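Okay, thanks for squeezing me in this morning. Have a look at the sequence and the structure while I talk.

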Amino acid sequence: MNTHILESLLSLSSENEVFEFKEAKNNYDFTKLGKYFSAISNEANLSSKPYGWLVFGVEDKKHTVVGTNYRSNRTDLDKLKGEMANKTTNRITFIEIHDVIKEGHRVLMFQIPAAPRGIPVSFDGHYYARDGEELVPLNLEKIERIRAQATQHDWSAAVVPDATIEDLDEEAIALARRNYKSKFPDKAEEIDKWDDITFLNKAKVTVKGKVTRTAIILLGKDESEHFLSPADVKIRWKLVDKENNDIDYDIFGLPLILSVEKVFAKIRNIKYRYMQEGTIFPAEVSKYEPFSIREAINNCIAHQDYTKGARINVVEMEDQLVFTNYGSFIPGSVEKVVIEDAPEEFYRNKFLATAMFNLKMVDTAGGGIKKIFNFQRERYFPLPDYDLSDDKVKVSISGKILDMNYARLLAQNKDLTLDEIIMLDKVQKKYSLSQHEENHLKRRKLIEGRKPNYYIALKVAQTIGQKAGYSKNKGFDKIYYLDLIEKSIKEHGSLVRNDIDELLWNKLPEWMSDKQKKIKINNLLGELRRNDKIVNEGTFKMPRWVLIKP
């Protein structure tokens, strides 16, 4: 059985968060072994795996079996379990250490248990995780996801003892009924016969007629906010100018089912007109897809950590909307939600999320975020940006084309996957790419250039008519620059360094920084000097270059 498991691991194209290959031919640092134990244990928990694997005696790139002599004495090997237990949370250690012979070589397979539900595993007091194949500290968001497994408490589900249905807003209840009927049209006739208490129970907003925090949040009268104290259940809308100065603001409280529409009405969703390029683009569209605005606000409501006493914020900039709610992003990865279309397994406010789903406010299947991405893609606008730092979620949605060349790429390359578009969106925004993303885009010949200054590749540039932009990024051959310097010196008799900089600066690749351009020009002058083409008749600090006569 162990050999069969090893074969399946060797057949995988690369390592991932829950298994790792190491050569470890003779010795291996115990501290690093412990860090991998912590990381793989935590990642197995987050991946819903019962265990993960650390394998010694296999080269990690080509998966070649090389063998290991690590703790070749079985007694010493078994001692490792106790040594690891002494350094880990709750004395957790290996399930088993399997000693396997493969292709005449000894291979060690460390079977690492998943972190217990609700308890992240540390080694020597520190928590570790994996980012692809890399060993990294376990971030706050992942710690919270693991710890959240241990509690069944749902703040939003709690009954408010002194509240009654009289504390709910009649207009909000009426809108909730209309939304519920729209969500479940087959029950329309039946719904009309329900009184308010029956309806609210059926919609899972109240519990057996008792008013919950969810009922107050979504349907409560404005004066009912004291029932939720110290939570500050409000949405603040703010309009700012280019310099981020406040122009206008408003604050909307209970009931939030009505406040969503009030915030939506505040946003200036005017028409955005494209610069016409043949027939590629439509004449005009709204700056923001209405669904995207409502979905972003409702997601903030559903996922807000109300125990932090913070407000939800909607900031309207000239060409961008920014939505912020407090509390970590429980799914962990935006890419996972969008690309894998993965539904959430845990909810901070499960009762609230269920009620909002029934009232047609959110999509608990996890499809809302992906729809926002696809709406931006269809418009050729930049994809949403997610900032998950500082224990909050900040979503930015652009209301204009950022890079017309990127837009042309999307318009004329319909075979691009959403995963590839997310990668290329990083390129247009000058964000850094992971090694996997770099490799994939290069393999598909979608990008060129040097890290981190990538740009759209020649093949794509020719397809979308971006040849001029490609040339600006790629620059010219070295001979062109050398010849240009020589001809200019010949024409003017001599050139100082500022003259040469001015001559070449805008002809060098756009991806180069000022420092890189300086170095490039230094190298060109150095090559001409070494080849006895030019000589400095000035000083070291103030060079004046002239041609050397034949």
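I'll go through confidence, then a sheet, then some rings, and end with a few backbone oddities.

So, confidence to begin with. This is a predicted model, and the protein chain averages a pLDDT of 87, with 90% of the residues scoring at least 70. The part to be wary of is residues 463–467, where pLDDT stays under 50. For that stretch the model has 12 contacts beyond four places in sequence.

Now the sheet. Six strands, or 6 if you're taking notes, make an open sheet, and the order goes E11-E10-E14-E15-E17-E16 with mixed pairing. At the edges you've got strand E11, residues 246–252, and strand E16, residues 385–387, each of which pairs on one side only. From one strand to the next the twist averages 15 degrees. And what packs on it? Which helix touches E10, E14, E15 and E17? That's helix H10, residues 290–303, and its direction makes about 15 degrees with that of E15.

Let's zoom in on one end of that order. Strand E10, residues 235–240, is joined to E11 by 6 bridges, and the two run antiparallel. If you want a landmark there, find Trp237, which stands opposite Asp250 in E11.

There's some further strand pairing later in the chain, around strand E22, residues 544–547. Strand E20, residues 495–496, connects to E22 through 2 bridges, antiparallel, and strand E21, residues 534–536, connects to E22 through 3 bridges, also antiparallel. Trp545 is the one to click on here. It's the bridge partner of Leu495, and Trp545 is the bridge partner of Asn536 as well.

Okay, rings. You describe a pair of aromatic rings by how far apart the centres are and by the angle of the planes. By the rule used here, the count comes to 17 aromatic pairs. Take Phe19 and Phe21: centre to centre they're 5.3 Å, with 75 degrees between the planes, so edge-to-face. Both are buried, Phe19 at a relative accessible area of 3% and Phe21 at 0%.

The other pair I'd show you is Tyr70 with Phe110. Why is that one called edge-to-face? Because the planes sit at 70 degrees, with the ring centres 6.5 Å apart, and anything over 60 degrees gets that label. Tyr70 lies in the loop between strand E2, residues 51–56, and helix H3, residues 74–85, whereas Phe110 is in strand E4, so this pair ties together parts that are 40 residues apart in sequence. Tyr70 is buried at 4%, and Phe110 is buried too, at 0% relative accessibility. Both of them belong to one aromatic cluster, together with Tyr28, Phe37, Phe56 and Phe94.

While we're at Tyr70, look at Arg106. Arg106 is in strand E4, residues 105–113, and the side chain of Arg106 reaches the backbone oxygen of Tyr70 at 2.9 Å. Buried or exposed, that arginine, Arg106? Buried: its relative accessible area is 15%, and the cut-off is under 20%. Leaving out residues up to four places away in sequence, Arg106 touches a run of residues including Gly67, Thr68, Asn69, Tyr70, Arg71 and Ser72, and also Leu77, Asp99, Val100 and Ile101.

Last bit, the backbone oddities. Most residues other than glycine have a negative phi, and most peptide bonds are trans. Here are some exceptions. Ser229 and Pro230 are joined by a cis peptide bond, omega about 10 degrees, and Pro230 is in the loop between helix H8, residues 213–219, and E10. There's also a cis bond from Leu254 to Pro255, with omega near -10 degrees. Pro255 is in the loop between E11 and helix H9, residues 256–266.

For positive phi, Lys208 comes in near 50 degrees, in the loop between strand E8, residues 206–207, and strand E9, residues 210–211. Lys208 is exposed, with a relative accessible area of 78%. Then there's Asp532, not a glycine either, with phi about 55 degrees. Asp532 is found in the loop between helix H21, residues 514–530, and E21, and Asp532 is exposed at 54%.

That's my tour, thanks.

Definitions and conventions:
Residues numbered from 1 in each chain as written. Predicted model: local features only at pLDDT ≥ 70, side-chain atom pairs only at ≥ 80, totals over all residues. Heavy atoms only, no water. pLDDT = per-residue confidence, 0-100. Contact = heavy atoms within 4.5 Å. Helix = DSSP H or I, 4+ residues; strand = E, 2+ residues; numbered from the N terminus. Buried < 20%, exposed > 50% of the residue type's maximum accessible area, 1.4 Å probe, protein only. Polar contact = N/O pair within 3.5 Å; in protein donor to acceptor, adjacent residues only side chain to side chain. Pairing = 2+ DSSP bridges. Axes fitted to C-alpha atoms, helices over the stretch in contact; angles between N-to-C directions. Phe/Tyr/Trp six-rings, centres within 6.5 Å; stacked < 30°, edge-to-face > 60°.
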